[in-house]
Each structure stands twice: as C-alpha cells, then as structure tokens.
Amino acid sequence: MDYVIYIIPQMIAGIGVSLNIFVLTLLFAIPLGFLMALGRLSKIQPIRKAVEFYVWLMRGTPLMLQLFFFYFALPAVGILLSDFNAAIVAFVFNYSAYFCEIFRSGIGAIPKGQYEAAHTLGMSYTQTMRRIILPQVVRIVLPPVSNETITLVKDTSLVYVLAMNDLMRTTRNLVQRDFNMTPFLVAAAFYLFATFILTEIFNRIEKKYSKHVQQ
Amino acid sequence: MADVKVKIRNLKKSYGNLEVIKGIDLDICEGEVIALVGPSGCGKSTFLRCINKLEDVTGGSIVIEGMTLCEEKNGKVHYAPEQEVRKIVSHTGMVFQQFNLFPHMTVLENLIEAPIQVQKRNPQECIVEARELLKKVGLADKENAYPSQLSGGQQQRVAIARGLAMNPGVMLFDEPTSALDPELTVEVLKIMQELAAEKMTMVVVTHEMGFARDVASKVIFIDEGIIKEQGDPHEVFGNPKSERLRQFLKVLLK
Ligand SMILES: Nc1ncnc2c1ncn2[C@@H]1O[C@H](COP(=O)(O)OP(=O)(O)OP(=O)(O)O)[C@@H](O)[C@H]1O
Ligand SMILES: [Mg+2]
C-alpha cells in the first residue's frame, strides 16, 4: 500500500497526459466527424468522394502507422509539430473518420418522412437538422459513439511509441525501475475506472434521449 | 365566386423521361373539399406534393394565397427565393399516409414546434391553441404522450392537428387512412368531415369512395397525368363519362 501511495504522484502525471489526449481528441474529432458526415451525404459529388477517400485512408491504415507518420514524416517535409501535437493530430484525423461513419449511418437512418414533415411546416434546413433530425440521430449514434470513446481511452496508450510520458510509459518506467509489478495493476485499475465512468455517463445520456421509445 | 386559395396552371412533372403530370389546371377555392381519385400510379401523390414543393415541378405555375410559388417563363420554371418558398409552403398543411410525427417530441411539442420556431409566435399562446386543437381531434388527454404510445388513428389525428396549428389556408391529405385499420379509419374520417363542415379548404387523395361522395364538394379523377373528369361527386360517380372512370369505379366497387 505504501508503495502504491509512493508511485501515485508519478502515475497521475501520466494519467494527465493520457487524459489530455483523450479529451482533445474527442473535442475535435466529434465535430469534425459530424461535418464530414454532412459532406459524405452532400449532393456535391467531389465533396462526397473526397470524404469517402479520407475515411477509407484513415480506417484502412493502423493508428500506430498514422502516429509515426505525423511524428516522423511531417518534420521531414518541414512541418514541425511537438510530439504532443503530432499525437493529437493523428488521433483527431483517425477518430474523426470513425465518427464520420457513425454519424453518417445515424443520419441515414432517419426516414425521409421526417424531412418532408419539417419541410411542409416551413422549417429551414438548419431548423430541421437542429430540432428534428439531430435529436433523433443522437439516440441512434450513442451506443457506437460510446464504444469508440471507450476504445479511445485504451488507444491513448499507443502514444507510448512516440516516447511520450503517458500513463502506459510511466507505468513501464516504474516497473523497470522498481522491479515491481504493482504499477501495472494501478494502471489497469485506472483504465477500468475511466471505462466505468464513461459507461455510466453514456447510460445516462442514452436514458435521456430514449424517453420517447416505448418500453 | 369564392376566394381562390391555390391557383395551378399547366402543371407538369417528369421524373427523367417519365412524364407523370402532363398539364393540370386547377383552382382550389376557399371552403372547397376536393377529392383526388384515380388508379394507382396515375400521379395523385406527385400532384399533391408539387403544391407544397416536396417535388419540384418541371413546368407550369402555382400561386398559393396570392403568393407565387413558381411560374414558367420562356419555358423555364422559376421558383420564389428559398425563404419565400418556406413561407408560402407553410400556408399549406400536409397530412401523410405514414403520419410522420416527430417521435422524440410529445404530442403537444409536435403541435407547437413549427408555430414557435417558424412563425415565431408566443409559446404560451401556441400551447393554448394546441390544446384547443387536441380537444377538437379528441386527444385532449394525450398531450404528454409520445407518438409511439398512440394508435395509428390517434397519431394521424395528431398529425392533422399539427398541420392545423399553423393556421394554413389549405390542408393537403395524401391517403390519410390507407395505413389504418377500418375502425381507426372511421375516427380519422370523422375529424376530416368536421373540418369540412367548418369550411376548411382541403385536397384529399383517397381511395375512400364513401368519403369522396359524401364529404367532398368536388371530385377530380386523374388518369394518365391529366384531369380526366371533375365535378360534383354524385354527378361524376353517378354518371361517369369516360370508359376509364367507369372501369376504375367498377374495380373499386367490386
Ligand atoms: N421519385 C420518383 N422517381 C421516379 N419516379 C417516380 C418517383 N415518384 C413517383 N414516381 C412515378 O410517378 C408515377 C406516379 O406516382 P404517384 O406516387 O404520384 O402515384 P399515385 O397516383 O399517388 O399512386 P398510388 O395510388 O399508388 O399512391 C408512378 O409511375 C411512379 O412510379
Ligand atoms: Mg400516392
């Protein structure tokens, strides 16, 4: 127990890095994914095709490869990013592609009749999206978004390869230094705890958005 | 001569090479109840949906309560600017076969959504009016229910009330009872009959010949994209002039 208390401050620093990546990725990837979903459903073919290509590229290559790319390849062509920024860019690019697909299928699941009803009531495109379509989309996409988010918690540990002092690297450093396996357990406990909290949060939001669905 | 609510001239609509509406002229006058009948695929829905721009016409003009939705100039159709279109369209109410209520909103919220968001009316006032409308369609006790908790007939009555909440000049119905069981059909038709008695202007696409005969002030028989016959329901049904209408009625009455 004493040992756990002793390593906690160092681990918290690692947790801070992981949490930062997690929050920033969601903050940018969700809106970006949403905009791309609109692009993917656009009537303008070049936009649609471009987004399609992007999604294919980002989902078709490993996230780790993308991390290496932004970390090593961009400086080679003169774009300098700090390792933290490189990681964020890679995560945002990657996750926005997944969110794009989630939002696209969510928006696609709304029947045409909803748009038609809104149109006959004189609602504008913005009003229709904001008041009629999106609240229904939110309910549909919550489970897959929740899944992605939980995956992201664990994916943050991939920045390990960029020599960043996230929770994973901090943990391994401690294990190597102290010849003690306990840090692994503490790290596992943290990931589990984060997942638990997220599950709770999403359950609540889901409940809120499912009021209208008959039990 | 009563006020003309909707003036339609030479309306044409094609999907690609398929010409569905081949030139329809129609004046919808205040207080008129027009029943649109015709064989499946003759373009009844398409015609109705052109009136509120759910479909873009390929020719002709539409004027709703004096406002020009679209007109044809030198062989090209020009629509009013988008904002204007929305305003004109909101002067028509539409009731769909599949109800199309907003499932995430309660009955009351369904009714007040557009009056508040589109017409920017006072919410309290809208709620009072919405409750009146719900009373009228016999659903005063359902204002807090969600659509999924209602029967099809109740949902359709809410949909009618939602349309009426905008105080439209004309109500358009596209087979409002086709998705309903016979018992539920009756309750919806009863509401429509009451609206007709209150001199609501209505255009109803229907296969309910009883309704067309007893409630409509005018029947229009569409076939092959044009108006084949029109007039007083008893006249049109009792004394069909074209072979097509005779055929159509014979199949229906079988
Ligand atoms: N979006 C569309 N694209 C192509 N063709 C269409 C489209 N909508 C309708 N049509 C065609 O237009 C014709 C008229 O269709 P419409 O739905 O207006 O018929 P209707 O008279 O309402 O028939 P019903 O009684 O079965 O509802 C049909 O031949 C149909 O296949
Ligand atoms: Mg139809």
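User: What distance separates an oxygen atom of ligand 1 from an N or O atom in the side chain of B:Lys44?

Analyst: The distance is 2.8 Å. A polar contact is a pair of N or O atoms within 3.5 Å; within protein, one atom must be able to donate a hydrogen and the other to accept it, and residues adjacent in sequence count only if both atoms are side-chain atoms. The 2.8 Å pair is within 3.5 Å, so it is a polar contact. Note that this is a predicted model: local features need pLDDT of at least 70, side-chain atom pairs count only at pLDDT 80 or more, and totals for chains, interfaces and linings use all residues. Residues are numbered from 1 along each chain as its sequence is written, chains are lettered from A and ligands numbered from 1 in the order in which they are written, and side-chain values use heavy atoms, with hydrogens and water left out.

User: Which other distances involve an oxygen atom of ligand 1?

Analyst: A polar backbone atom of B:Gly41 is 2.8 Å from an oxygen of ligand 1. An N or O atom in the side chain of B:Ser45 is 2.7 Å from a ligand oxygen.

User: Which residues surround ligand 1?

Analyst: The test for being near is a heavy atom within 4 Å of the molecule. The surrounding residues include B:Tyr15, B:Val20, B:Glu175 and B:His207. B:Pro39, B:Ser40, B:Gly41, B:Cys42, B:Gly43, B:Lys44, B:Ser45 and B:Thr46 are also among them.

User: Why is B:Glu143 called buried or exposed?

Analyst: Buried means under 20% relative accessible area, exposed means over 50%, and partly exposed lies in between (1.4 Å probe, protein chains only). B:Glu143 has 13%, so it is buried. The residue sits in the loop between α4 (123–136) and α5 (152–164) of chain B. Helices (H or I, at least four residues) and strands (E, at least two) are DSSP runs, numbered from the N terminus.

User: What does the side chain of B:Glu143 make a polar contact with?

Analyst: The partner is the side chain of B:Arg131, at 2.7 Å. Contact in general means heavy atoms within 4.5 Å. Setting aside neighbours within four places in sequence, B:Glu143 is in contact with B:Thr106, B:Val107, B:Leu108, B:Arg131 and B:Leu134.

User: Why are B:Glu65 and B:Glu224 called partly exposed?

Analyst: B:Glu65 has a relative accessible area of 29%, so it is partly exposed. B:Glu224 has 45%, so it too is partly exposed. Each has a positive phi without being a glycine: near 45° for B:Glu65 and about 50° for B:Glu224. B:Glu65 is in the loop between β4 (59–64) and β5 (67–73) of chain B. B:Glu224 is in the loop between β10 (218–223) and β11 (226–231) of chain B.

User: What makes a space a pocket or a cavity?

Analyst: The search uses a 1 Å grid over the protein atoms alone. A cavity is a set of points where a 1.4 Å probe fits but cannot get out. A pocket is an open set with protein on both sides within 12 Å along at least five of seven lines. Lining residues have an atom within 4 Å of a point. Grid points are joined across faces, edges and corners, and a volume is the space filled by probe spheres set on the points.

User: Which residues lie nearest the centre of the largest pocket?

Analyst: They are A:Lys43, A:Tyr115, A:His119, A:Tyr125 and A:Thr128, out of 27 lining residues. The volume is about 950 Å³. α5 (112–120) and α6 (125–155) of chain A and α2 (82–89) of chain B each supply at least two lining residues. α5(A) gives the most, with 5.

User: How many cavities of 30 Å³ or more does the structure hold?

Analyst: There are 2. The largest has about 40 Å³. Its lining includes B:Leu111, B:Arg121, B:Cys126 and B:Glu129. α4(B) gives the most to that lining, with 4 residues. The second largest cavity has about 30 Å³. Its lining is A:Thr120, A:Leu121, B:Gly93, B:Met94, B:Arg162 and B:Gly163.
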